[in-house]
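Grab a pencil and have a go at the exercises below. Try each task yourself before you read its solution.

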Amino acid sequence: MYPQFPPGFRFGMSTSAYQIEGAADAGGKGPSIWDTFTARPGAVRHGQDARVASDHYHRYASDVDLIAEAGVHDYRFSFSWPRVLAGDLDFYDRLVDRLLASGVRPVPTLYHWDLPQELEDAGGWMNRDTAHRLADHASALVLRLGDRVRDWITMNEMNVHTLYGYALADHAPARGLGLGALPAAHHQLLAHGLAVQVLRTHGAGSIGVAQQHFPVTAASDDPADVEAAAIFSALTNWTFSDPILLGDYPDELIRAGVGVPEAQLDRDLELIRARLDFYGVNYYEPTMIEAPKAGKDYSGVLEVDIPADMPFSPVPVKSDERTDFGWAVVPAGLTDILVTLRDRYPDLPPVIITENGASFHDSPPGPDGRVHDERRISYLDAHLRAVSDAITAGVRVDGYYVWSAIDNFEWAAGYDERFGLIYVDFSTLERTKKDSWFWYRDLIAAQPRN
């Protein structure tokens, strides 16, 4: 009835601080780039913001109880960098202690897009010094929590953050730099390398990174389309994994575009290539690319629009089903990208699927008190079977985390998009387990014993 995984396979749930914590001013917390972005008229659907979000900051104990009750092994969350900068680490002490008392392993992420606004004012990720500030952030956290936290993730989806927030202007900090955003990519990778160094120095047991990956296919056999797809894949997939897993950028033009003198770049890449204990893969959908066609309207194909002067353009992926966010449901793409990663990187560390999930516009609890989300169950089942297929093909995958544990603030899409296994009524903040929560619980219980 359920897909089966090897003994020791770890099931988890994921969230991020900005999307669920709320408590925008608690403990002296200052603004992040997302607080600034959400205050801009028209930046977020319906003008919504995350000042309250899911109020996890005040409801973390009952949220942990719901997570633990599902039988998950791991809970991936992130630290609010502005909260930590303000010295409010007590919240994370309480959260970690509650998780451990509930039998759930904490797997925190150092950076999940919420750069303190004061660092953005100093140049943000276009400023090399921000990488060193991330190292300071890592140091403060491992010194405080390293006696209880074994597993650490440095950065989340550097490619999405760079593309949407720096190359484009659809996410914070909305720089719109085009290919001029490559220095922001390099400085995030450098931050990753520096953070690994800090965490190792302080005895961290297991360190990884969470990267979004997806198959990229050309829309046709036309050489122009094939070349455009290769450029897009290099920029969005391999620019962020090759330096970590091979020690260099995938293309000389990209290497030159990061804007670092050669001698310094070689030193940086040596640091960026630091050994990892696991490699996190976030997967949602594949991408199809063609060379831009004059006069063709490409708006609405992706969540964001690619400027017309870019050397590639997205076209709709063929799919029999889409999520309510409009994303193509292609489980086989997860198998494909995992096999591709294994083939591209001979020393690929054990993989954990650190995010996979789907937004469906779930209805509130009905007369029976339940939230029926059969489409999400079907989605998760199919993608877990895709992971199993990758394992059968020889890819070492050690775990799978659903995105997300609870409904949250979905960045520029506001609160319309619901990814959670737990329904949140954003008017009352009441929680309700969805049918997918029960399915996931039963799936975990049906696995072979360790």
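Here come four exercises, each with a worked solution.

Before you start: this is a predicted model, where local features need pLDDT of at least 70, side-chain atom pairs count only at pLDDT 80 or more, and totals for chains, interfaces and linings use all residues. Residues are numbered from 1 along each chain as its sequence is written, and side-chain values use heavy atoms, with hydrogens and water left out.

**Exercise 1. Two helices side by side**

Task: Work out how H7 and H9 pack, and which residues make the contact.

Solution:
- Step 1: Find helix H7 at residues 129–145 and helix H9 at residues 182–201. Helices here are DSSP runs (H or I, at least four residues; strands are E, at least two), numbered from the N terminus.
- Step 2: Get the geometry. The two helices pack at an angle of about 30°, and their axes are 8 Å apart. (Axes are lines fitted to C-alpha atoms, for helices over the stretch in contact, and angles run from 0 to 180 degrees between N-to-C directions.)
- Step 3: Put a word to the angle. H7 is therefore roughly parallel to H9, a label for angles under 35 degrees (over 145 is roughly antiparallel, 65 to 115 roughly perpendicular, and the rest oblique).
- Step 4: List the partners. From H7 come Ala131, His132, Leu134, Ala135, Ala138, Ser139 and Val142, while H9 brings His187, Leu190, Ala191, Leu194, Ala195, Val198 and Leu199. Contact means heavy atoms within 4.5 Å.
- Step 5: Sort them. The contact of H7 with H9 has 11 nonpolar residues, three polar and no charged. (Ala, Val, Leu, Ile, Met, Phe, Trp, Tyr, Cys and Pro count as nonpolar, Asp, Glu, Lys and Arg as charged, and the others, Gly among them, as polar.)

**Exercise 2. A histidine in H9**

Task: Is His192 buried or exposed, and what does His192 touch?

Solution:
- Step 1: Locate the residue: His192 sits in helix H9.
- Step 2: Check the accessibility. His192 counts as buried because its relative accessibility is 0%. (Buried means under 20% relative accessible area, exposed over 50%, partly exposed in between, with a 1.4 Å probe and protein chains only.)
- Step 3: Look at the company. Setting aside neighbours within four places in sequence, His192 is in contact with Thr154, Met155, Val209, Ile244, Ile272 and Leu276.

**Exercise 3. The largest nonpolar core**

Task: Find which residues touch the most other members of the largest nonpolar core.

Solution:
- Step 1: Know what to look for. A nonpolar core is a set of buried Ala, Val, Leu, Ile, Met, Phe, Trp, Tyr and Cys residues joined through side-chain atoms within 4.5 Å.
- Step 2: Pick the best-connected members. The core has 153 residues, and Trp125, Trp152 and Tyr440 touch the most others.
- Step 3: Ask where the members come from. Helix H9 gives the largest share, 11 residues.
- Step 4: Zoom in on Tyr440. Not counting residues up to four places away in sequence, Tyr440 touches Phe11, Gly12, Met13, Val72, Tyr400, Val402 and Leu421.

**Exercise 4. From H15 to an aspartate**

Task: How many residues of H15 are buried, and what does Asp381 touch?

Solution:
- Step 1: Count along helix H15 (residues 435–445): eight of its 11 residues are buried, including Trp439 and Tyr440.
- Step 2: See what they pack against. Among the partners of the buried residues are strand S1, helix H3 and H14.
- Step 3: Move to Asp381, which is found in H14. With a relative accessible area of 19%, Asp381 is buried.
- Step 4: Link the two. Asp381 and Tyr440 are 59 residues apart along the chain, and their C-alpha atoms are separated by 9.1 Å.
- Step 5: Finish with contacts. Leaving out residues up to four places away in sequence, Asp381 touches Met1, Pro3 and Trp439.
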